[in-house]
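Thanks for coming, everyone. I would like to walk through one model with you this morning, so please have the sequence and the structure open as I talk.

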Amino acid sequence: MLLAANMTKVFGSSANSNEFVFVEAEQFENFGGWNIDQQSMERMGSPYLLAHGLGIPVEDATTKITFPSEGTYRVWVRTKDWVAPWNAPGAPGKFQLKVNGKPIKEVFGTKGADWHWHDGKTVKVGKNVTLALHDLTGFEGRCEAILFCKDHNFVPTDDIQALTKFRRKINGLPDNPEFGGTFDFIVVGGGLAGTCAAISAARNGAKVALVQDRPVLGGNGSSEVRVWPEGHTNKEPYPHVGDIVSEILPPISKGPGQVFNGVSAEYYDDNLKYQKVMQEPNITLFIENRAIEVKKAGDKITSIVIQHLRSAKHLELKASYFADCTGDATLGFKAGADYEYKVENLMGSSNLFNVLDATNKEEVLKCECKDKSALALKCEVGNFAQPFPRCPWALDLSDKPFPGRKGVKTFGSEGLQSFANMWYWESGFNKDQVNDIELIRDHNFRAMYGAWDAIKNVDKMYPNHRLGWSAYIAGKRESRRLMGDVVLDAEDFKTQKKFSDGSFPCSWHVDLHTPKTEFKAGFEGNEFVSDYTRGKEYQYGNLYWAPYRTLYSRNISNLFMAGRNISVTKTGLGPVRVMRTCGMMGEVVGKAASICVKNAASPRQVYEQYLPELIKLLSAPGKNKA
Ligand SMILES: Cc1cc2nc3c(=O)[nH]c(=O)nc-3n(C[C@H](O)[C@H](O)[C@H](O)COP(=O)(O)OP(=O)(O)OC[C@H]3O[C@@H](n4cnc5c(N)ncnc54)[C@H](O)[C@@H]3O)c2cc1C
């Protein structure tokens with residue numbers, strides 16, 4: 001891959017100072033054990049590679065590059081010390097850059113709380129070079145890009161806008177997006193809500209684009225985040241609402257006491273969702289693409305610009321109607337839609353994790369650990385010990401209570417049962433869940449690693465257990481909510497307020513989270529365990545049909561929404577946010593969008609003029625006829 005450029009035009013510099021090689025980490029040919037992370041790209045400017053090894057160094061990421069000429073280049077690596085925001089010691093995310101198999105002297109991931117260019121000094125290269133990112137710890141090292149400069153005095157910028165311009169120019173990417181197609185309906189966000197919206201609209205005749213910024217569909221319900229979908233489907237008077245949800249989710253029912261959060265990947269069946277989408281001739285799927293810009297005319301969105309995560313290629317997609325299923329209301333926010341969001345007393349985000357018992361052959365064989373072969377080998381020779389290093393940079397829980405610690409009961413259970421696979425490892429209650437998600441996710445990591453360190457090294461428990469898997473994509477619960485013609489509140493559920501356009505059934509209680517009191521001490525403002533609302537005042541009977549008017553924007557006239565960013569108040573979010581319910585919102589939005597397309601109507605007009613038609617469609621099967 002050649003990523004070199006003559007930059008004379010950009011900088012007007014002299015003959016020998018004009019050679020750069022800009023290597024995007026996400027464009028490495030082989031990621032090895034590193035993962036691509038796009039969660040914070042608006043904040044820090046790019047996807048990056050993350051060495052998420054749960055304490056065991058991951059395999060090298062490698063790539064080949066060709067330099068414009070051989071010689072001595074100054075090398076810069078864009079990275080950070082991810083625990084520096086808490087002034088924590090030890091820089092756990094250390095990694096090296098290997099050039100032709102030999103590490104350069106500087107160790108990266110050791111400086112700076114913010115993303116910046118870490119100076120790697122100079123390196124002598126020939127024309128063809130192999131680069132490797134060599135992880136030293138397995139503890140969340142991260143690299144965004146590498147820049148080689150012939151001009152040793154050149155210092156790259158940390159300003160995101162200027163850097164974006166620079167990297168696009170140097171990598172030969174055009175200023176303007178290419179045209180990517182015209183659709184009836186564009187759905188942004190391929191969680192349960194977005195996937196169902198796309199399938200539902202496509203089956204009702206609309207030409208649909210589905211844009212998803214991860215390699216898999218399902219959002220929190222995917223194998224990347226591993227939350228188990230709840231909420232009742234297929235209820236009277238519209239028993240077909242829920243058909244698509246039931247079709248794209250695996251047919252597993254929980255037994256008593258069974259936990260389905262954070263279990264092995266196959267339970268979330270990413271492939272089933274993908275296959276169902278691919279079977280729809282009316283859907284064009286833009287996977288690993290993130291919507292980054294919105295274009296408007298008057299009160300309408302006319303197109304969006306999407307960026308491919310690996311190639312950074314921009315495409316402009318046009319449509320008559322759009323659905324914001326991003327969870328964070330990114331599309332609506334960019335379009336100027338009315339929204340509510342206060343960074344205060346929010347429900348937090350979680351990174352679910354599990355542990356495995358190295359003496360249990362079945363668990364070992366199923367393990368998704370990055371060092372799977374080494375682990376299996378140890379078992380074969382009868383050495384099951386799973387040591388874990390001390391983590392001085394993690395939350396210091398050595399003398400603190402936390403779920404899973406000896407003698408601590410959490411929600412009635414204790415031991416490993418209350419440690420792993422649990423939703424309540426949650427943080428960011430007073431942090432910006434949209435823009436500070438890297439920090440929030442990293443705090444979750446510090447809690448998980450700190451707790452495991454205390455269990456293994458202070459309490460000396462579970463010598464043969466190890467962390468088996470943890471999500472590096474944060475599972476979010478609450479951020480922006482877009483405002484529609486009805487803004488539903490928890491009181492409406494409790495009083496069973498009736499709406500003529502009741503269109504999707506809600507069955508979860510008013511489930512709101514706050515930091516759990518018994519684990520707060522010493523971590524005020526940085527809490528890491530949550531509690532949930534329960535009791536009579538948070539119940540509303542078995543079922544509540546929520547109105548269609550919560551599913552479109554009140555001021556952007558061609559914008560729908562489905563999922564956790566619909567038109568509800570802070571308390572109204574509690575009962576609607578479970579995933580089967582979010583999926584059913586998608587089904588309704590897809591059907592309503594098809595009515596809009598057929599009648600050149602707005603989402604609001606579906607309520608005002610075409611409600612009987614919507615009701616007819618809600619009463620019709622969501623599945624394709626076999
Ligand atoms: C730990 C945890 C436990 C929970 N427990 C449960 C439970 O037991 N059962 C349950 O049903 N619910 C549970 N919830 C709530 C539920 O998971 C969420 O409310 C639900 O996933 C919301 O669905 P969604 O489709 O709106 O959003 P998401 O599932 O977040 O999906 C949105 C998708 O859009 C993508 N996206 C975002 N921005 C862009 C963009 N700009 N361009 C392209 N794509 C984009 C995201 O990557 C994501 O894949 C839990 C949540 C958490 C975090």
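Let me begin in a loop: asparagine 100 lies between strand 7 and strand 8, where helices (H or I, at least four residues) and strands (E, at least two) are DSSP runs numbered from the N terminus. Before going further I should say that this is a predicted model, in which local features need pLDDT of at least 70 and side-chain atom pairs count only at pLDDT 80 or more, while totals for chains, interfaces and linings use all residues. Residues are numbered from 1 along each chain as its sequence is written, and side-chain values use heavy atoms, with hydrogens and water left out.

Back to asparagine 100, whose phi is near 50°, a positive value in a residue other than glycine. Most residues other than glycine have a negative phi, and most peptide bonds are trans. At 48% relative accessibility, asparagine 100 counts as partly exposed; on this scale buried means under 20% relative accessible area, exposed means over 50%, and partly exposed is in between, with a 1.4 Å probe and protein chains only.

The two strands on either side of that loop, strand 7 (residues 95–99) and strand 8, pair in the antiparallel sense over 2 bridges, and two strands are said to pair if DSSP finds at least two bridges between them. Within that pairing, valine 99 stands opposite lysine 102 of strand 8. The wider setting is an open sheet of 4 strands in the order 5-10-7-8, with antiparallel pairing, and its edges are strand 5 (61–66) and strand 8 (102–103), each of which pairs on one side only.

There are two further places where the backbone deserves a look. Alanine 600, in the loop between helix 14 (579–599) and helix 15 (603–608), has a positive phi of about 50° although it is not a glycine, and with a relative accessible area of 66% this alanine is exposed. The peptide bond from glutamate 236 to proline 237 is cis, with omega near 10°, and proline 237 is found in the loop between strand 14 and helix 5.

That loop brings me to the charged pairs. How many salt bridges does a search of the whole structure find? The count is 42, taking a salt bridge as a side-chain nitrogen of Lys or Arg within 4 Å of a carboxyl oxygen of Asp or Glu. In one of them, the side chains of arginine 226 and glutamate 368 meet at 2.5 Å, N to O. Arginine 226 lies in the loop between strand 14 (208–212) and helix 5 (243–248), and glutamate 368 in the loop between helix 8 (361–366) and helix 9 (372–380), so the pair ties together parts that are 142 residues apart in sequence. Arginine 226 is buried at 2% relative accessibility, whereas glutamate 368 is partly exposed at 35%.

A second pair joins aspartate 328 to arginine 564, with the closest N and O atoms 3.0 Å apart. Aspartate 328 sits in the loop between strand 18 (314–324) and helix 7 (330–335), and arginine 564 in the loop between strand 29 (559–561) and helix 13 (573–576), so this salt bridge ties together parts that are 236 residues apart in sequence. Both aspartate 328 and arginine 564 are buried. There is also a network of salt bridges that links Asp37, Lys80, Arg142, Glu438, Arg441 and Asp442.

One member of that network, Asp442, is among the residues touched by tryptophan 86, along with Leu439, His443, Arg446 and Asn526, not counting residues up to four places away in sequence; contact here means heavy atoms within 4.5 Å. Tryptophan 86 itself is placed in the loop between strand 6 (71–79) and strand 7.

Finally, the ligand. Which of the 31 residues around the ligand come nearest? They are Asp213, Trp228, Glu230, Arg577 and Met579, a residue being near if one of its heavy atoms lies within 4 Å. As for polar contacts, which are pairs of N or O atoms within 3.5 Å, an oxygen atom of the ligand is 2.5 Å from an N or O atom in the side chain of aspartate 213. With arginine 577 the partner is a backbone N or O atom, which lies 2.5 Å from an oxygen atom of the ligand, and a polar backbone atom of alanine 193 is 3.4 Å from a ligand oxygen.

Technical notes: A polar contact is a pair of N or O atoms within 3.5 Å; within protein, one must be able to donate a hydrogen and the other to accept it, and residues adjacent in sequence count only if both atoms are side-chain atoms.
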